[in-house]
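Q: Please give me a close look at one part of this model, the stretch where a loop leads into a helix, and then show me what surrounds it. I am new to this structure, so plain explanations of the terms would help.

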Amino acid sequence: MIELALGDLETASVTQLQQWAEQAASQQDWSTALQLIELAAWQEPENSAIVRCWGDWLAAAGQVEEAIAAYQAALESQPGCPQAIAAWAAVLNDQGRFAEAIALLDQASEQTTDLWHHRTVALQSLGDWPKALTSCDRALQLDPMMAEAQFLRSKLRLGLGDWSQGWPEYESRLLVFPELCNRLPSFGRPLWQGEDLTDKTLLIWGEQGYGDQIQFARYLSVLRDRWPETPLLLLVSEPLAALFQQLAIANLQVATQFTFEVEPAYDFHLPLLSLPERLGATAETIPLAQGYLPRSPQSGSSKLKINPHQLQVGFVWQAGETSDRRYQWRQADKSVSLEYFLQLRLKLEDCQFWSLQLGSASQALQQNPDWADCDLSDQIHSFTDTAALLSQLDLLITVDTAIAHLAGALGVPVWVLLPKVADWRWGNTGTTTPWYQSMQLYRQEIAGDWRSVFDQLQRDLEQALGRLRPC
C-alpha cells in the first residue's frame, strides 16, 4: 500500500497521480486508487481516458452506479467513444441488464471487437442465440484470436446443436480461465490429442463445477470401449471422489489432487470436458443417457422415514452460491423462492416432500416449523450421501444445479426448473434432454415468471401421482 503526504498530492501532476493510482490499483487498494484518479479527473475533467479509468476501478470496487456515472461523464466529453461504451456495456451485462447494454452499444461511433463481443453476451443472455452467433462472428472477424469470443461462440454452437464446430472451439476455455491455463504446465506431460492409447496411461482431471464433472464422466465409458486395457487415472474434486469410485469403468483409478496410493506415472493428460472433442462426440450419440451411477440406498442416518402411501419428492430451490459478482445475477436467475414449494406441499397431500438444499439457503426451512422434519441438509456430507437419499425418492424437483446431474446419472426421475434463457447444455426449447432419459425440463415462458412454471408442474405432478407412486 502506497503512502503519500498531503504536499505530494497538492503538487503532483496528472501523470504522477495516474501512476500512483495505477500502483494502488495493481495492489487492489481501491480506496487509494479511486482517491488519486478522482484528483486527476478533477484536474482534467475533459480527459475521457482518465474518467474511463475511474469508472473501471469503481466497477472493480463494486460501486456499479458510480462507475456508470463515470462512463456517462466520459461520453459527454467524447460522444460515441467505443472504449467508454464497451466498459459501460460490460458493467451492464455483469448486472444482467442486457437490453440496456444493447441500446447503449447502438450509440457507438464505430463497432470494435469488444463492442461486438459485449453485444453477443447480451443477445445470448436475452435468448436470441442465432443473432448472438452472427454478432460473435463479427467480433472474430475483427480479432480471430480473441479467446473470450471463441469460447462464447463455442457455447452458442453447442446450444444450437452444431457439435462438429462447437466442441473443437470449446477448447478455447483453456485460454480464457486462469485456473485452467495455469494448471496445464503442472502435469509435465503433453495434452492427449487423440493418439492411440495402446500401452499408454491417460490422466484425466476434473474441471469446472460439480455438475459438469458428473455430466461428462459418462465419456470415460467411450474411452474404455476404444482402449479396454488402457489404465485411466481420474482426478476430481474431493466431494466427488467416493461417488466416482462407483463408476463401472475397468482399470479406472479415482483420486483427488494426486492422492493415489502410489504416485502415478502417465503418458498424457486431459481436462475432463475435452473428452467429447477428442472422441468425436455428437448430439445423436450421447452415451449412458439412461444413467451410469448405481442406485444404492443406505441404512442408518440416510434412511428416510417415508410414508408408503405418499409419493416421495425431493426438492432444491437455490443454485450454488458464488462470491463472484459477475455470476451472482445468473445464480439468482436460476433460483426460485422457497414459497413456491411451500404452496406446492399444501396443495399435494399425496406427496411427502424432502429438502436436499445445502448452504445458507437451507436455513430458511427453520423459519417454518412445519418444514423442520423434511430438512435433510444435516445428513448430507458428500455426494454419496446425496445419492443414497435420492435413491429412496420417487422424484426430484430442482433448479439447475449439480444435484440435477446427480439424479440424472443415477436414473432417478428429475424435473429441472429452467429460467427463460438456460445454460447451453439444455438448449433453448423442449421438455426433454438427450443427456438424461429420466429428466424433464420446465422452462419459463416469460423471464422471471416462476408462477406459471409451478402451475404447470403442479398439474403434471397431479397427473403423475399414480404413475410414479411405487407399488
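**A loop, a helix and their surroundings**

A: Let's start with Gln208, which is partly exposed, with a relative accessible area of 36%. On this scale buried means under 20% relative accessible area, exposed means over 50%, and partly exposed lies in between, using a 1.4 Å probe and protein chains only. Before going on, a word on the source: this is a predicted model, in which local features need pLDDT of at least 70, side-chain atom pairs count only at pLDDT 80 or more, and totals for chains, interfaces and linings use all residues. Residues are numbered from 1 along each chain as its sequence is written, and side-chain values use heavy atoms, with hydrogens and water left out.

Gln208 is found in the loop between E1 and H14. These labels are DSSP runs numbered from the N terminus: helices (H or I) have at least four residues and strands (E) at least two. The backbone of Gln208 has a phi near 60 degrees, a positive value in a residue other than glycine. Asp199 can be described in a similar way. Its phi is near 65 degrees, again positive in a residue other than glycine, and its place is in the loop between helix H13 (178-181) and strand E1 (202-205). With a relative accessible area of 76%, Asp199 is exposed.

Now step into the helix. Searching the whole structure turns up 20 aromatic pairs. Rings of Phe, Tyr and Trp (its six-membered ring) pair if their centres lie within 6.5 Å; planes under 30 degrees apart count as stacked, over 60 as edge-to-face and the rest as tilted. Tyr210 and Phe383 have ring centres 5.2 Å apart and planes at 75 degrees, so this pair is edge-to-face. It links distant parts of the chain, with Tyr210 in helix H14 (residues 210-216) and Phe383 in helix H20 (residues 383-390), 173 residues apart. Tyr210 counts as partly exposed because its relative accessibility is 36%, while Phe383, at 11%, is buried.

What about the helix that carries Phe383? H20 is mostly covered, as eight of its eight residues are buried. Among them are Asp385, Thr386 and Leu390. The cover over these buried residues includes H14, helix H16 (238-244), strand E7 (395-399) and helix H21 (402-410). So H14, the helix that holds Tyr210, is also part of what covers H20.

Follow the chain past H14 and you meet Ala217, in the loop between H14 and helix H15 (219-226). At 3% relative accessibility, Ala217 counts as buried. Leaving aside neighbours within four places in sequence, Ala217 is in contact (heavy atoms within 4.5 Å) with Phe244, Leu247 and Leu272. The C-alpha atoms of Ala217 and Leu247 are separated by 8.8 Å, and the two residues are 30 residues apart along the chain.

Some aromatic residues belong to a shared group: Phe151, Trp163, Trp167, Tyr170, Phe177, Phe216, Tyr219, Trp424 and Trp435 form one aromatic cluster. Arg218 lies over the face of Tyr436, at 4.7 Å from the ring centre; a charge sits over a ring if NZ of Lys or CZ of Arg is within 6 Å of the ring centre and within 35 degrees of the ring normal. Arg189 is placed likewise over the face of Tyr266, at 5.9 Å from the ring centre.

To round off the tour, here are a few features from other parts of the chain. Gln331 is in helix H18 (residues 325-334) and, at 19% relative accessibility, counts as buried. Computed along the sequence it is 70 residues from Thr401, yet C-alpha to C-alpha the two are 9.3 Å apart in space. Ala61 is found in the loop between helix H4 (48-60) and helix H5 (64-77), and its 29% relative accessibility makes Ala61 partly exposed. Ala61 and Ala25 are 36 residues apart in sequence and 9.9 Å apart in space, C-alpha to C-alpha.
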